[in-house]
Protein chains: 2
Amino acid sequence: MDNLRKCEANYTALTPLTFLSRASACYANRASVIHEGTTFTWAQTYDRCRRLASSLRALNIARTDVVSVLAPNIPAMYEMHFAVPMAGAVLNTINTRLDAKNIATILRHSEAKVFFVDYEYVSKARDALRMLMDDNNTQQKGNNGANPTNQQHRAFSLPLVIVIDDINSPTGIRLGELEYEQMVRHGNPNYVPEIIQDEWAPIALNYTSGTTSEPKGVVYSHRGAYLSTLSLILGWEMGSEPVYLWTLPMFHCNGWTFTWGVAARGGTNVCLRTTAARDIYRNIVLHNVTHMCCAPIVFNILIEAKASERREIRLKGKPPVEILTGGAPPPASMLEQIESLGFHVTHAYGLTEATGPALVCEWQKKWNMLPQEEQAELKARQGVSVLTMADVDVKNLETMESVAKDGKTMGEIVLKGSGIMMGYYKNDEANSKAFGNGWFRTGDVGVIHPDGYLEIKDRSKDVIISGGENISSVEVESLLYKHPRVLEAAVVAMPHPRWGESPCAFLSLKKNNNSSPKNQVTESEIIAYCRKNLPHFMVPKVVKFMEELPKTSTGKIQKFELRLMAKSFVVSENLQSKKKSSSSQVGQNSIEQQLLAMSRL
Amino acid sequence: MDNLRKCEANYTALTPLTFLSRASACYANRASVIHEGTTFTWAQTYDRCRRLASSLRALNIARTDVVSVLAPNIPAMYEMHFAVPMAGAVLNTINTRLDAKNIATILRHSEAKVFFVDYEYVSKARDALRMLMDDNNTQQKGNNGANPTNQQHRAFSLPLVIVIDDINSPTGIRLGELEYEQMVRHGNPNYVPEIIQDEWAPIALNYTSGTTSEPKGVVYSHRGAYLSTLSLILGWEMGSEPVYLWTLPMFHCNGWTFTWGVAARGGTNVCLRTTAARDIYRNIVLHNVTHMCCAPIVFNILIEAKASERREIRLKGKPPVEILTGGAPPPASMLEQIESLGFHVTHAYGLTEATGPALVCEWQKKWNMLPQEEQAELKARQGVSVLTMADVDVKNLETMESVAKDGKTMGEIVLKGSGIMMGYYKNDEANSKAFGNGWFRTGDVGVIHPDGYLEIKDRSKDVIISGGENISSVEVESLLYKHPRVLEAAVVAMPHPRWGESPCAFLSLKKNNNSSPKNQVTESEIIAYCRKNLPHFMVPKVVKFMEELPKTSTGKIQKFELRLMAKSFVVSENLQSKKKSSSSQVGQNSIEQQLLAMSRL
């Protein structure tokens, strides 16, 4: 059978672009994208994307050139997920919560040729571009000798800027000459999209929201994006004609692939500029939303919404709105609250490097018989690999052998499959660390339960090693989340003169109008509560209360920041033991300084 | 980004084998395969398949060797869909309804190394093997010179035969030494399945049930099988934990990929030796069946079942049993009947060369508002391409240009995508006919409706050309099916001295206990009925009644046979016009002869 050859008819490159051409053929008149007063059909979206792609080509955008975009979840952002690769280019969506400095770093590192900027972000983009110009000027002044090895800071051509004005009520705000709608309007309606010959060609470049170091540029192939999209539709069982609400930023792993997935399913995208409770509830009711993804922080927004912001979404005959969430597992009480509002939650685990979710907690029918509390525990597990992941395992950190499936033995979660990134852009060192022995190392620590479901215990760097014992910070946090007054909890390692490390907890409390003293919670009460429920060595030695825990732009708690603070507590404790002086003042100052530093991010 | 390289972690071959290893990891204790008294779990199925694969390797089965199997829908048949490719070999499932001669032809053409035979088919298999031996003997007697160009008939080593005894109550029937369960039992439980390095490697070889010529061997790649499996789960929206009843033969395009698909979904396979109404109803109730595929002929079996054979499957709170069907679109009345019994029908279109269904009639929610009759018409269309099909089109037979999307202009349906076969095995001529201009030519004639849905009008060879007008035989048949007394209808071309061709109808009638003359239907009544509803040139000139229409083993009406008969009618008409003799007797004889010939198939 060796003489049976691949040809155009039986071997076509896997690319999400076929989802759009198919949607245009099969669902031509169905609503594709809705944003307030604007509605497009799939035929229109296909037409607009082809026009935009042709305009990009007219700007001399060539294959594998990077096109960056700084925009919220608006129709233009959606369209670029198809239009940019249709022109053969690579889409780089930038986190809108980054500051100008970080944006400049990404533009420089990605060598972006074009930079689309939503009108709301013009000022931030201008600052970023100015920094790049200043850098270039500095370079040109013969400063090269000062830092000859720093390739990052060599001069580079600034990207061409295209502003995206508001599609519903144009503002006239500009940054340069070009505007998005103009590009679409003047595009060639007969443009034939670039034919993707090689499915191992880059489609997207996403910078991780690294909290510890320079952001890393994760590159996806057409093949990887295509297969991950299929996996997530399958894993979440998203049927045809979904109405998908964009509560998850599209710049986050390309919206966990649902940018492409909604086209694959012939669904409708409902765009949102912000995740204000009022807008979410209003759009759900207005458009009969069936699906949405979000970080757990959006649960708080939904639960804590004022009565005037809420709408009743539990309508008879209508199934609940499906929510796919990732990150920290929502505690049972929160799950119960959110589901009573008319949502149904599925928990997933993923990372930018895996093109979004790599594991989904597939529900098993028999679990419906269990008590609520047990159901919440099962639901909080990260689950089983998505279908196009070839394999998942948990390996001993030292020996790299598979751990026992006992739900107890911890190891590093490793993945393999065509949905894993092509690699980090221009970062060979990170690539060799990430790939090894045929696996992608996630850096997350977990266990496998006897039923094959994985549960994450920690980021490997978040494990606390106290007197030789491994403490899962997630385990301590889970207990803290069960405390009736706790809203957010994070536990990190704090250097300890005797045990090496010991746990330190940071908490924010639920808002409570009743501020009487008996409603306050103290450090010693929390410690006593932990003592009652945890082995002694796992009990936090220090508990600090904050208004809000520091988070990355994607809603993850920044343990890196907390760890820095925890370090200062220990310094103060050490000082205390030596000087018995005003140590708490030192700690307090440090928190203030850190929070100030974060607010600048 | 050119230096980002494929590695084992981020580029794994797409193969359905990963569905089984994943099912074993994620759904270890869930029922995988049930057959009467026997139930396996996914962990057991994985174990059994690995053992069987190791036994095949021990028999010196090497990569790309062909392993044939002649068996009904039993657990062994299911297991071989994984075990054979796990050994690196290619699975060839043989249609059990073929006669010994055809089976011998397939064994010879495929050069099968191993031949698994279910105990029920031992006698047929013995006959086939004897024919092969006789052929070999004839060859050895120096008869080569007689037919030197006929490569098909060169001597070849007979395959090693392994009998599959009944797993529930062993019969002891054997054909040679080896037995299936023995192979499983003695296999190596620690066997590491062959790692598929190249997804463009063959996994299956399926011979088409060609009615006109030698069967053609269609080869599937691992990649094609994998992607088609995902397409069908998605297209049919088969959620997790399906309970799938095997009413479709697994030898038919590997059960339209659901052999692999049920593993992908962690579902349960319910095996069936026959499609007797009693067994179907009993298993549906016993195991809470959720899904089944079948040819439309099974609808008749379900509808015409005696009261004693039926079970009530419309239980409260239970959704209907999903049926995916292909081939001739079921008429509205039949759809209504079958759905009132507790089934829900989805219509698909496919062919062996496309790894089963290539189009699925995706239901649109807005259609629920339409009258029943219109819904049935929409449901009878073949629909839209499955998700992993890269493109579908309908092209003018002469110019090969796309036809207008007007629901009227006919053209040939062409497909492209990685789910299309690798090609026909040892048949370069057929390959060059099938592949051309970047498309696979289906040989089916259809139209595209303005909403993008395709509808098949005919096999290109079934189009009747009468006085220069194209007549879709399917269109005439649809009308005939609407007649209250018609059970089956087939319309074929009959040579006509004046018009070139004219339509000839073959009908079988519904069983009716009331045999009074007024319940009989005559040829002239049918012709009058057609005249009232069709343009004159489309009205059948001759109508013949048969007890049952001749069908292929997969339930397709054999138009080839009917065309032969129709030819004889014309001869008789010609005779009639010349001699005015007993022409109908000639026609009658011809039918009898043909039916006799068919009963021997």
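**Entry 1: disulfides.** I started with the cysteines of this predicted model and counted 0 disulfides over all chains. Why does B:Cys293 have no bonded partner? I looked up the closest cysteine sulfur, and it belongs to B:Cys294, 7.6 Å away, which is too far for a bond because the cut-off is 2.5 Å. B:Cys293 is also buried, at 0% relative accessible area. I then tried B:Cys504, whose closest cysteine sulfur sits in B:Cys530 at 12 Å, again too far for a bond. B:Cys504 counts as buried too, with 0% relative accessibility.

**Entry 2: where the chains meet.** Next I went to the contact between chain B and chain A, and found 69 residues from chain B and 69 residues from chain A in it. Together the two chains bury about 5700 Å², with 54% of that on carbon and sulfur atoms. On the chain B side, I noted that B:Met1, B:Leu4 and B:Leu387 lose the most area to chain A, together 14% of what that side buries.

I checked the polar side of this interface as well. There are 4 salt bridges across it, and one of them joins B:Glu362 to A:Arg22, with the closest N and O atoms 3.2 Å apart. I also have 30 residue pairs in polar contact between chain B and chain A, both residues at pLDDT 80 or more. Which parts of chain B supply at least two residues each to the side that touches chain A? My list includes helix H1 (17-26), strand S8 (202-207), helix H7 (222-235) and strand S21 (439-448). H7(B) gives the largest share, 6 residues. By class, I get 38 nonpolar, 15 polar and 16 charged residues on that side of chain B.

**Entry 3: helix H4 of chain A.** I followed residues 100-110 of chain A, which form helix H4, and found the helix mostly covered, with 9 of its 11 residues buried. Among the buried ones are A:Ile103, A:Ile106, A:Leu107, A:Arg108 and A:His109. What do the buried residues of H4(A) pack against? I wrote down strands S3 (66-70), S4 (90-93), S5 (114-118) and S8 (202-207), plus helix H5 (122-140), of chain A. Just after the helix, A:Glu111 takes a positive phi of about 55°.

**Entry 4: salt bridges.** Over all chains I count 55 salt bridges. A:Glu111 turned up again here, paired with A:Lys426 at 2.5 Å between the closest N and O atoms. This pair links distant parts of the chain, 315 residues apart: A:Lys426 is in the loop between S19 and H14 of chain A, and A:Glu111 in the loop between H4 and S5. Are these two residues buried or partly exposed? I get partly exposed for A:Lys426 at 40% and for A:Glu111 at 26%.

A:Glu79 and A:Arg48 form another salt bridge, at 2.6 Å. A:Glu79 lies in helix H3 and A:Arg48 in helix H2, so the pair ties together parts 31 residues apart in sequence. Here I found A:Glu79 buried at 1% and A:Arg48 buried at 10%.

In chain B, I noted B:Asp462 and B:Arg563 meeting in a salt bridge at 2.1 Å. B:Asp462 is in the loop between S22 and S23, and B:Arg563 is in helix H17, 101 residues apart. B:Asp462 is buried, with 8% relative accessible area. I also logged a network of salt bridges linking A:Asp118, A:Glu120, A:Asp166 and A:Arg273.

**Entry 5: a histidine.** I ended at A:His347 in strand S14 of chain A, which counts as buried at 1% relative accessibility. A polar atom of its side chain lies 3.1 Å from the backbone oxygen of A:Ala380.

Note on methods:
Residues numbered from 1 in each chain as written. Chains lettered and ligands numbered in written order. Predicted model: local features only at pLDDT ≥ 70, side-chain atom pairs only at ≥ 80, totals over all residues. Heavy atoms only, no water. Buried < 20%, exposed > 50% of the residue type's maximum accessible area, 1.4 Å probe, protein only. Contact = heavy atoms within 4.5 Å. Buried area = accessible area lost by both parts, 1.4 Å probe. Salt bridge = Lys/Arg side-chain N within 4 Å of Asp/Glu carboxyl O. Polar contact = N/O pair within 3.5 Å; in protein donor to acceptor, adjacent residues only side chain to side chain. Helix = DSSP H or I, 4+ residues; strand = E, 2+ residues; numbered from the N terminus. Nonpolar A, V, L, I, M, F, W, Y, C, P; charged D, E, K, R; others polar.
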